[in-house]
Amino acid sequence: MDRKLIARFQNRVGPRWFQPLADFIKLLAKEEIIPAAVNPALFISLPIVALAAALTATLYVPMFGLQPAYGFPGDLVVTLYLLSLMTLCIGLAGANTKDRFSLIGATRALTQLFSYEAPFLLAMLGPAIALGTWNISTINNSAMHSWWFY
């Protein structure tokens, strides 16, 4: 919205409303190039698994004031594993190729997994142990009604 408003102030027209749709159709029409030195099954399936893990993790998280689509005791642990699976898939995708730059990127992604996921896990561990539950909805509801979790 900010960019649109500034563009109006500067009398810049910009693309029409259908430009994102045109970009999406152009993206779907592009050819998929699979490098010769990779395993084609991993090359195709790893991004799909990473996206599926991230979308599945959203089922357990209450968003926008709504209850989660699915929840069970221990869904915090499952959600943390699903979010870690996304980073693991990125690292495996980079390690799948023979290119040295991809290997450096895979090493960086897996290093970030250890450096970001460990503090995130510890931050989630505190309220879960304090409340005695591993259910995200219970933790969220308790945090809304207690001054201790502000």
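Helices here are DSSP runs of H or I with at least four residues, numbered from the N terminus, and in this predicted model Ser 84 has its place in helix 4.

**Exercise 1. Determine how helix 4 and helix 5 are oriented to each other, and describe what their contact is made of.**

Step 1. Two packed helices are described by the angle between their axes and the distance between the axes. For helix 4 and helix 5, the axes come within 8 Å and cross at roughly 170 degrees.

Step 2. Angles over 145 degrees count as roughly antiparallel, and helix 4 and helix 5 are therefore roughly antiparallel to each other.

Step 3. On the side of helix 4, the residues that take part include Leu 76, Leu 80, Leu 83, Ser 84, Thr 87 and Leu 88, while those contributed by helix 5 include Leu 103, Leu 110, Leu 113, Glu 117, Phe 120 and Leu 121. Sorted by character, the residues of this contact divide into 15 nonpolar, five polar and one charged.

**Exercise 2. Decide whether Ser 84 and Leu 121 are buried or partly exposed, and place each of them with respect to the other helix.**

Step 1. The cut-off for a buried residue is a relative accessible area under 20%; Ser 84, at 16% relative accessibility, therefore counts as buried.

Step 2. When neighbours within four places in sequence are left aside, Ser 84 is in contact with Leu 113 and Glu 117, both of which are listed on the helix 5 side of the contact with helix 4.

Step 3. Leu 121, which lies in helix 5, has a relative accessible area of 42% and is partly exposed. Its C-alpha atom is 7.4 Å from that of Leu 80, although the two residues are 41 apart in sequence.

**Exercise 3. Work out which partners Thr 97 has in the loop between helix 4 and helix 5.**

Step 1. Thr 97 is found in that loop, and its relative accessibility of 15% makes it count as buried.

Step 2. The side chain of Thr 97 reaches back to the backbone oxygen of Gly 94 at 3.2 Å, and a polar contact of 3.2 Å joins it to the side chain of Ser 102.

Step 3. Once the neighbours within four places in sequence are left aside, Thr 97 is in contact with Val 38, Ser 102 and Leu 103.

**Exercise 4. Explain why the buried residues of helix 6 lie on the same side of that helix, and identify what they pack against and what caps the N-terminal end.**

Step 1. Helix 6 spans residues 136-144, and its buried residues are Ile 136, Ser 137 and Ile 139. They cover an arc of only 165 degrees around the axis, which puts them on the same side of helix 6.

Step 2. These buried residues pack against helix 4 (75-95) and helix 5 (100-131).

Step 3. The N-terminal end of helix 6 is capped by Asn 135, a side-chain oxygen of which lies 3.0 Å from the backbone nitrogen of Ser 137.

**Exercise 5. Characterise Leu 59 by its exposure and its contacts.**

Step 1. Leu 59 is found in the loop between helix 3 and helix 4, where a relative accessible area of 37% makes it partly exposed.

Step 2. Not counting residues up to four places away in sequence, Leu 59 touches Pro 68, Ala 69 and Tyr 70. From C-alpha to C-alpha, Leu 59 and Asp 75 are 9.8 Å apart, with a separation of 16 residues in sequence.

Conventions. Residues are numbered from 1 along each chain as its sequence is written. This is a predicted model: local features need pLDDT of at least 70, side-chain atom pairs count only at pLDDT 80 or more; totals for chains, interfaces and linings use all residues. Side-chain values use heavy atoms; hydrogens and water are left out. Buried means under 20% relative accessible area, exposed over 50%, partly exposed in between (1.4 Å probe, protein chains only). Helices (H or I, at least four residues) and strands (E, at least two) are DSSP runs, numbered from the N terminus. The arc is that of the directions from the helix axis to the C-beta atoms. Contact means heavy atoms within 4.5 Å. A polar contact is a pair of N or O atoms within 3.5 Å; within protein, one must be able to donate a hydrogen and the other to accept it, and residues adjacent in sequence count only if both atoms are side-chain atoms. Axes are lines fitted to C-alpha atoms, for helices over the stretch in contact, and angles run from 0 to 180 degrees between N-to-C directions. Angles under 35 degrees count as roughly parallel, over 145 as roughly antiparallel, 65 to 115 as roughly perpendicular and the rest as oblique. Ala, Val, Leu, Ile, Met, Phe, Trp, Tyr, Cys and Pro count as nonpolar, Asp, Glu, Lys and Arg as charged, and the others, Gly among them, as polar.
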